[in-house]
Amino acid sequence: MNPIATANLRSGGRRLFAAGAAVAVAVAFVVAALLMVDSFSRTMRVQAQAETAGADLVVSLQDGADPAGDPVPDEALAQRLQDQPGVASAQALRNAYAEGELGGQPAMLRLSEHPGHSTSPLVSGALPHAAGEAVLTEDTARVYGIGPGDEIVVEAADPAVTGQPVAPETQQDDPGPARYIVSGIVEGSSPYARAYLTPAGMDRLPVEAWPESIRIVLDGEAHGDPAAQTAVQQDVAAVLAAATGQEIAAMGVQGTGIGEQLRVQTGEQIVEARMQDLTGQANVLAGVLAAFGAVALFVAALVIANTFQVLVASRTRTLALLRAIGAARRQLRSAMLLEGLVLGALGSIAGALLGYLAALGLGLAAGRFWQFELEPVAPTFAAFVAGPAVGVLMTVAACLLPAHRATTVTPMAALRPADVEPARRRVSWLRLSAGVLLTAGGFAATVLGGMRHEMLPAAGGAIAGFLGVLVLGRLFIPPMVRALGLLLAGPGRFSRRGALPRLVAQNARQVPGRTTATTSALLIGVTLVSTMTIGAASAQASLERELAQRLPLDMAVGFAGADAGDVSRVLDGSGLVTAEVLLPGAAEEARSGETQVPVTVLAPEPGAAETAQVMRRTTALPDPGTALVAPATLQEGDEVELAGRVLDVEPAGWLPAGTIVLNPADAAGLSFSEDAGQLWVRVPDDAGSGELGRLTAQLGEHTEVVVAEATLLRASYAPLIDTVLLVVLALLGAAVVVAVIGIGNTLSLSVFERRREAALLRAVGMSRGGVGGLITLEAVLMAVVALVLGLAAGALFGWAGISSVFQAEAVPVVLAVPWDRVAMIGVAALGAAALASLLPARALSRTSPAAGLSVD
Amino acid sequence: MTTTTTGSRALTAPAVRAVALEKSYGDGDAAVRPLRGLSIDFDAGRFTAVMGPSGSGKSTLMHVLAGLDAPDAGQAFIGRREITGLPEKQLTRIRRDHIGFIFQAYNLVPSMTAEENILLPGRLGGARADRGLFREITGRLGLSARLGHRPFELSGGQQQRVAVARALVSRPDVIFADEPTGNLDQATGAEVLGLLRAAVDEYDQTVIMVTHDVQAASLADRAVLLADGALAGDLQAPDAGRLAAAMLEVTR
């Protein structure tokens with residue numbers, strides 16, 4: 001091994017440890033992301049496989065087929081297939097949706113026939129045998145807190161609530177609710193409360209059950225044999241075609257189509273078809289994670305490059321000595337790269353382990369906290385080879401520039417102790433032009449990408465532009481720190497108060513390189529976090545505004561005939577009401593063209609305080625001469641005639657069916673009463689879809705009309721925004737660590753450089769506290785500059801990022817700056833700077849006045 | 001001024017030679033001309049001290065002769081090989097294979113042990129150090145028990161001894177010593193000078209030492225005096241009194 005590299009590694013010590021930690025964090029991120037994506041897609045496959053539940057062939061409706069059409073995969077068709085050669089069984093499965101109760105709580109239920117050959121393992125209890133028994137999926141049991149022995153009640157259909165057509169005979173008989181006892185729990189998850197019944201149990205349902213599929217199991221050896229499945233698939237298709245008189249068509253992974261309604265798929269085809277649907281999702285997930293991984297690697301690369309610059313600077317004397325006694329430039333460079341390689345390898349191995357542990361933890365957390373059961377995380381080749389390889393490559397690449405710098409040390413530097421700081425090199429033309437090009441081009445691409453909603457130029461431009469800022473930092477960061485110092489010092493050259501800031505200002509001019517390096521380390525962290533924070537806030541604000549635009553009201557509860565007290569009790573008990581207003585209504589007949597329909601007329605006062613409280617946008621209320629009409633209330637038409645007036649029609653999707661809203665000016669002469677009115681409700685922004693679902697189900701027991709589309713939509717965005725905030729928090733933590741590492745590095749370099757300066761200051765009479773204060777004040781002023789630059793860049797990147805993700809037509813983007821979180825970033829940055837300066841400040845303040853004045 | 005003997009030059013080529021060296025830095029008022037057409041020969045197997053007041057050009061001369069700095073004009077030779085005009089790569093190889101260095105301070109790589117420091121030139125690609133020679137020299141310099149120590153665990157004198165051992169073990173054509181006693185107390189300085197003397201007497205090395213210490217220079221076989229970038233004196237077997245007088249003369 002290269003003797004220089006060995007010695008370097010020995011002396012790098014703590015500084016190398018910090019850089020190694022940065023490598024480990026970045027690699028851990030990449031490895032964890034790869035493992036999670038792998039686990040996610042395996043989960044999807046297992047779920048898809050569970051879907052086929054051990055069947056060899058499945059006859060089901062094609063996508064877009066009419067479930068009430070003909071033919072459907074029903075018992076009659078199953079009978080015909082039962083006698084086919086090679087077929088052991090052909091079971092027609094039915095499916096139903098109904099309202100009901102689980103353990104006394106109202107719920108929307110999906111009820112399916114339990115396939116006899118199901119592979120979903122039992123978690124507890126037994127499979128259903130009697131008509132009055134049912135099994136639940138694990139998720140359902142957990143959410144509703146019930147288990148074997150508890151009761152399920154399935155209510156008879158109510159067309160107004162479920163919106164499903166009801167078979168005539170059940171409606172006539174009005175059989176009342178059906179009751180089942182939970183016999184067991186099976187594995188599985190679904191967005192509905194889900195129960196499986198026996199065929200006899202399905203017959204007992206008070207609602208219509210729809211044929212969903214025919215599951216075919218093959219005889220003996222042929223069971224599970226792909227070749228046999230394909231052969232029988234063709235036979236089955238032929239039988240179905242003959243029975244229905246329709247054509248057979250091959251549809252790839254969608255199986256074999258029969259006409260426009262039916263299809264026959266092998267189990268494998270069903271899994272593949274599901275996977276094709278899901279690959280899109282998995283790819284998006286992988287893309288997002290890859291982007292974060294790239295950011296993590298980029299930040300780590302900057303930290304490593306920075307660390308190695310510091311190392312080169314602190315080793316100048318040694319490097320010069322080595323050059324003097326005959327080390328070739330190539331040897332110094334390869335020693336440095338070798339050092340990077342070792343560091344990268346060690347960091348990457350640690351990172352891979354860390355990433356594996358993180359993925360394991362996330363997998364467990366997903367199951368425990370988010371009810372999302374993932375397949376166990378398993379080491380993959382890609383994660384454990386590609387992740388560390390990328391980490392090593394990145395580390396070595398980040399060492400290239402410092403390694404080059406190491407070779408430019410002249411051997412002369414070894415001969416005498418350096419006296420006065422030599423004049424710092426000016427920014428080279430190459431650096432200047434590269435910086436200007438990167439900055440201008442990068443920011444232009446970012447702005448254009450944001451304006452034209454294209455992600456690639458926005459993201460690429462942001463990275464290029466930020467690199468440009470770092471390259472050019474030497475030009476404007478020291479003057480900014482200097483200006484800040486002078487500003488703080490105030491006028492008066494001889495004032496005592498201004499002495500420290502004035503010294504800081506002078507140092508910024510004297511050592512622009514060090515000032516820039518320290519500030520850049522913080523700048524990276526601040527930019528990253530503020531981009532995420534401002535981006536997330538802008539996304540939320542844009543979605544909120546769009547939602548308020550489309551759906552200005554959260555919930556409207558009509559209680560024609562119901563007891564207003566019951567409704568109020570339910571609402572108050574839910575804890576989900578931030579404002580409510582009872583609007584009196586008038587029962588009227590509205591005429592449009594030839595038709596005349598009964599409607600409920602409301603006339604809220606747009607200017608009233610309670611209206612403004614309950615609505616998210618009162619400008620949605622009509623002007624005089626216009627009527628807001630709920631959809632499906634009137635025939636198509638531009639005008640409506642109401643109590644002798646003719647009004648312009650404006651459709652309003654957010655109103656309950658049969659509702660018309662007027663301006664109070666148009667409502668004169670109508671007789672309003674509270675009984676015919678509606679309760680308009682505003683719910684908290686962070687209400688979950690589960691809570692809202694329960695509330696609507698409870699309200700449904702008392703009233704007929706509930707509209708909560710906006711709240712449900714908002715609730716469906718909430719987890720997304722929460723996730724983004726979680727990422728922001730994680731990044732905030734990581735960025736603070738990175739920033740502390742970065743500033744710590746450059747400040748500890750400054751200790752090395754500044755011992756003489758500190759001694760001189762002490763010799764001419766500065767107190768220990770003064771020297772320490774100088775270092776801390778310097779760090780804090782640099783942090784302020786980093787904050788200003790980072791927040792500006794973060795606002796631009798955040799806006800561009802969100803704007804490039806959203807389509808212009810769908811959601812116009814607004815820039816929102818969450819000041820509370822920005823303040824948190826500020827406190828964190830200043831705190832990190834002060835913290836990182838503590839050790840160097842202490843070390844320097846202890847310099848004895850005499851020590852620094854002699855050479856070495 | 002004193003006389004110059006040329007006796008040994010007829011027999012062997014000089015170990016190091018400077019021919020009409022010119023060097024200047026800066027321009028205008030700040031211009032410095034440390035070397036003004038300086039020519040000088042250094043014989044092999046002898047201990048030569050280069051003396052002169054500050055700014056006389058003695059350090060620049062050493063930098064040029066050791067291939068650390070390039071002159072504006074003139075030639076420098078190590079043995080028969082001209083080193084002026086050589087590319088950096090070859091200069092590096094010449095430093096590694098043919099030149100030993102002892103500096104005033106910061107002679108050793110701090111993260112390497114004494115032994116690693118001594119063997120470093122060989123491990124950088126030079127001739128493999130002779131094990132026997134290594135043991136003999138470290139024994140002679142009293143370093144045997146300190147070989148595993150790092151520089152900060154050694155005294156100043158011990159550090160300089162390690163530097164001397166490094167220069168001796170690779171058997172260079174010439175050893176350049178730049179104020180080797182500048183950082184040491186009297187006794188330790190005398191000890192290091194004794195080692196340089198021994199390098200010439202016992203190991204037949206060529207030593208060129210830059211110093212402004214008259215006591216140190218009086219141990220050399222020959223002392224050359226520089227003033228304003230030119231030769232101002234050349235004494236064989238100098239004693240401290242003659243040297244001090246000569247120094248006084250050139251600084252006047």
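Here are some friendly questions and answers about a predicted model with two chains, chain A and chain B.

Residues are numbered from 1 along each chain as its sequence is written, while chains are lettered from A and ligands numbered from 1 in the order in which they are written. In this predicted model, local features need pLDDT of at least 70, side-chain atom pairs count only at pLDDT 80 or more, and totals for chains, interfaces and linings use all residues; side-chain values use heavy atoms, with hydrogens and water left out.

User: How many helices and strands are there in chain A?
Analyst: Helices (H or I, at least four residues) and strands (E, at least two) are DSSP runs, numbered from the N terminus. With that rule, chain A has 21 helices and 21 strands.

User: What percentage of the residues in chain A is buried?
Analyst: A residue is buried under 20% relative accessible area, exposed over 50%, and partly exposed in between (1.4 Å probe, protein chains only). Chain A has 856 residues, and the buried part of them is 48%.

User: And what percentage of the residues in chain B is buried?
Analyst: Chain B contains eight helices and ten strands. Of its 252 residues, the buried part is 54%.

User: Among contacts in chain A between residues at least 6 apart in sequence, what percentage joins residues at least 24 apart?
Analyst: Contact means heavy atoms within 4.5 Å. For chain B, the share of such contacts joining residues at least 24 apart is 67%. For chain A, the share is 80%.

User: What should helix α15 of chain A span, and how far apart are its end C-alpha atoms?
Analyst: The expected span of a helix is 1.5 Å times one less than its number of residues. Helix α15 runs over residues 512–550 of chain A, and 31 of its 39 residues are buried. Its 39 residues should therefore span 57 Å, which agrees with end C-alpha atoms that are 54 Å apart.

User: Which residues of α14(A) are buried?
Analyst: Helix α14 of chain A covers residues 499–510, and its twelve residues should span 16 Å, in agreement with end C-alpha atoms 16 Å apart. An α-helix has 3.6 residues a turn, so residues three or four places apart point the same way. The buried residues of α14(A) are A:Pro501, A:Arg502, A:Val504, A:Ala505, A:Asn507 and A:Ala508.

User: Which residues form a nonpolar patch on the surface with A:Met451?
Analyst: Patches are made of residues with over 30% relative accessible area and no salt bridge, where like charges are joined within 9 Å and nonpolar side chains (Val, Leu, Ile, Met, Phe, Trp, Tyr) within 5 Å. A:Met451 sits in helix α12 (residues 429–452) of chain A and is exposed, at a relative accessible area of 53%. The patch has about 260 Å² of accessible area together (Shrake-Rupley method, 1.4 Å probe, only the protein chains shown counting as cover). Its other members are A:Val447 and A:Leu448.

User: What area is buried between chain A and chain B?
Analyst: Buried area is the accessible area (1.4 Å probe) that two parts lose on being put together, summed over both. Here 25 residues of chain A are in contact with 30 residues of chain B. Carbon and sulfur atoms give 60% of the buried area, which is about 2500 Å².

User: Which side chains meet in the salt bridge across the interface of chain A and chain B?
Analyst: A salt bridge is a side-chain nitrogen of Lys or Arg within 4 Å of a carboxyl oxygen of Asp or Glu, and the rule finds one across this interface. The N to O distance in the pair is 2.5 Å. One partner lies in helix α2 (residues 88–98) of chain B and the other in helix α9 (residues 316–324) of chain A, so the pair joins two chains. The partners are B:Glu88, partly exposed at 27% relative accessibility, and the buried A:Arg323, at 1%.

User: How many residues apart in sequence are the parts that A:Asp203 and A:Arg94 tie together?
Analyst: The side chains of A:Asp203 and A:Arg94 meet in a salt bridge of 2.8 Å, N to O. A:Asp203 lies in helix α6 (residues 199–203) and A:Arg94 in strand β2 (residues 87–102) of chain A, so the parts tied together are 109 residues apart.

User: Is A:Asp203 buried or exposed?
Analyst: Its partner A:Arg94 counts as partly exposed, at 23% relative accessibility. A:Asp203 has a relative accessible area of 55%, so this residue is exposed.
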